[in-house]
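Here is my note on the model you sent for comment, set out as numbered points. Please read each point with the sequence and the coordinates open beside it.

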Amino acid sequence: MAFPQPKPQPPQLPQHLLRTINCQQGAVRAVRFNVDGNYLLSCGSDKSLKLWSVGRGTLLKTYSGHGYEVLDADGSYDNSQLCSCSSDKTVILWDVATGQVTRKLRGHAGKVNCVQFNEEATVILSGSIDGTVRCWDTKSRRNEPIQVLDEARDSISSLKVSQHELLTGSVDGRVRRYDLRMGQLHVDLISSPITCVCFSQDGQCTLSSSLDSKVRLLDKSTGEMLGEYTGHKMKGYKLDCCLSSKDTHVLSCSEDGHVYCWDLVEGSLSLKLPVGKAVVQSLSFHPTETCLLTAMEGRVQVWGAQPEEPEEPQDDTLVSQSG
């Protein structure tokens, strides 16, 4: 007699609110995990960038140097440097521990929407409303970019770097993938202004969200559409999408106050996470764990798969405790 096999448990989703961080920096424009997920960066309309402990929700450092609201930020692989971009048309390289500006990079003709280090943190890539991506050498003292990519016909809304590949999304409705090693460009036409792009964790697919309230999963090599995810509202805001840490789910911000989470393969809605009564401006999924950050108005919320149990105090040694 064959005994019935237990059904495999579906992957857990970040549906429990662990903590709310009141950032006190105006509206939070973007929220990002650092490389190992122990810290988060919040970008504020008050011109500041703040570094927080995820586990405790405590403020570790405030970085002030931009002349207008901060729109995006990234941390280096070794946690020693940050880069950020702003509506003031600049990109800033920061020293994490001291909070000092290492470099202020000027060259974009309009606000800079997105910024990221390459894997070795030797280059910063920035995308702007001026339609260009600029590549900056972090080691050089020269103020000019080492490369300018100007194929887009409208604002660059989002970019992601993975090894030798660069993925960009533009308001011109196109997702562009640059093979920086081979000098090749691949273009996928979406026909709606792109708000966010990212690679899948396995590097085989690209994900893009657009102002037709759709998130699309494309095969990276062929451009074939593998999935389309709908139900959320994205009509007038530049909002984030992402994949979960194991590529099981697709997540997107929405203008109706929720984060939508779909099963990647089935395309069905797995979770509609109620964040609040305003636009969910930004999100970030933990690099390895089932943990999600969301940004709405002036606060960041941390979500987990299980309600949190009391934990041992952790030592935040990344920077000094002075804000």
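1. UniProt positions are given here in the numbering used for this chain, and its annotations may be inferred rather than shown by experiment. With that caution, the UniProt record, an unreviewed entry, lists "repeat: WD" for residues 21-62, 63-104 and 105-146. The model itself is a predicted one, and the remarks below should be read accordingly.

2. Two of these annotated stretches can be described from the model. Residues 21-62 are 0% helix and 57% strand, and the C-alpha atoms at the two ends of the stretch are 14 Å apart. Residues 105-146 are likewise 0% helix, with 45% strand, and here the end C-alpha atoms are 12 Å apart.

3. Within the annotated stretch 63-104, one residue to inspect is E69, which is placed in the loop between β5 (59-64) and β6 (70-75). Is E69 buried or exposed? Its relative accessible area is 15%, and because the cut-off for buried is under 20%, E69 counts as buried.

4. The surroundings of E69 deserve a look in the viewer. The side chain of E69 makes a polar contact of 2.8 Å with the side chain of R29, a residue that belongs to the annotated stretch 21-62. When neighbours within four places in sequence are set aside, E69 is in contact with R29, G44, S45, K47, C85, S86 and S87.

5. A second loop glutamate offers a contrast in accessibility. E266 sits in the loop between β24 (258-263) and β25 (269-274), and, because the cut-off for exposed is over 50%, its relative accessibility of 63% makes E266 exposed. The C-alpha atom of E266 is separated by 31 Å from that of H164, which is 102 residues away along the chain.

6. Turning to the interior, the model has two cavities of 30 Å³ or more, and the second largest has a volume of about 40 Å³. Which residues line the second largest cavity? Its lining consists of L167, V175, R176, R177, H186, D188, T206 and K220.

7. As to where that lining comes from, β16 (174-179) and β17 (184-189) each supply at least two of its residues, and β16 gives the most, with three. Sorted by class, the lining of this second largest cavity holds two nonpolar, two polar and four charged residues, the charged ones being best checked side chain by side chain against the displayed structure.

Note on methods
Residues are numbered from 1 along each chain as its sequence is written. This is a predicted model: local features need pLDDT of at least 70, side-chain atom pairs count only at pLDDT 80 or more; totals for chains, interfaces and linings use all residues. Side-chain values use heavy atoms; hydrogens and water are left out. Helices (H or I, at least four residues) and strands (E, at least two) are DSSP runs, numbered from the N terminus. Buried means under 20% relative accessible area, exposed over 50%, partly exposed in between (1.4 Å probe, protein chains only). A polar contact is a pair of N or O atoms within 3.5 Å; within protein, one must be able to donate a hydrogen and the other to accept it, and residues adjacent in sequence count only if both atoms are side-chain atoms. Contact means heavy atoms within 4.5 Å. On a 1 Å grid over the protein atoms alone, a cavity is a set of points where a 1.4 Å probe fits but cannot get out, and a pocket is an open set with protein on both sides within 12 Å along at least five of seven lines; lining residues have an atom within 4 Å of a point. Grid points are joined across faces, edges and corners, and a volume is the space filled by probe spheres set on the points. Ala, Val, Leu, Ile, Met, Phe, Trp, Tyr, Cys and Pro count as nonpolar, Asp, Glu, Lys and Arg as charged, and the others, Gly among them, as polar.
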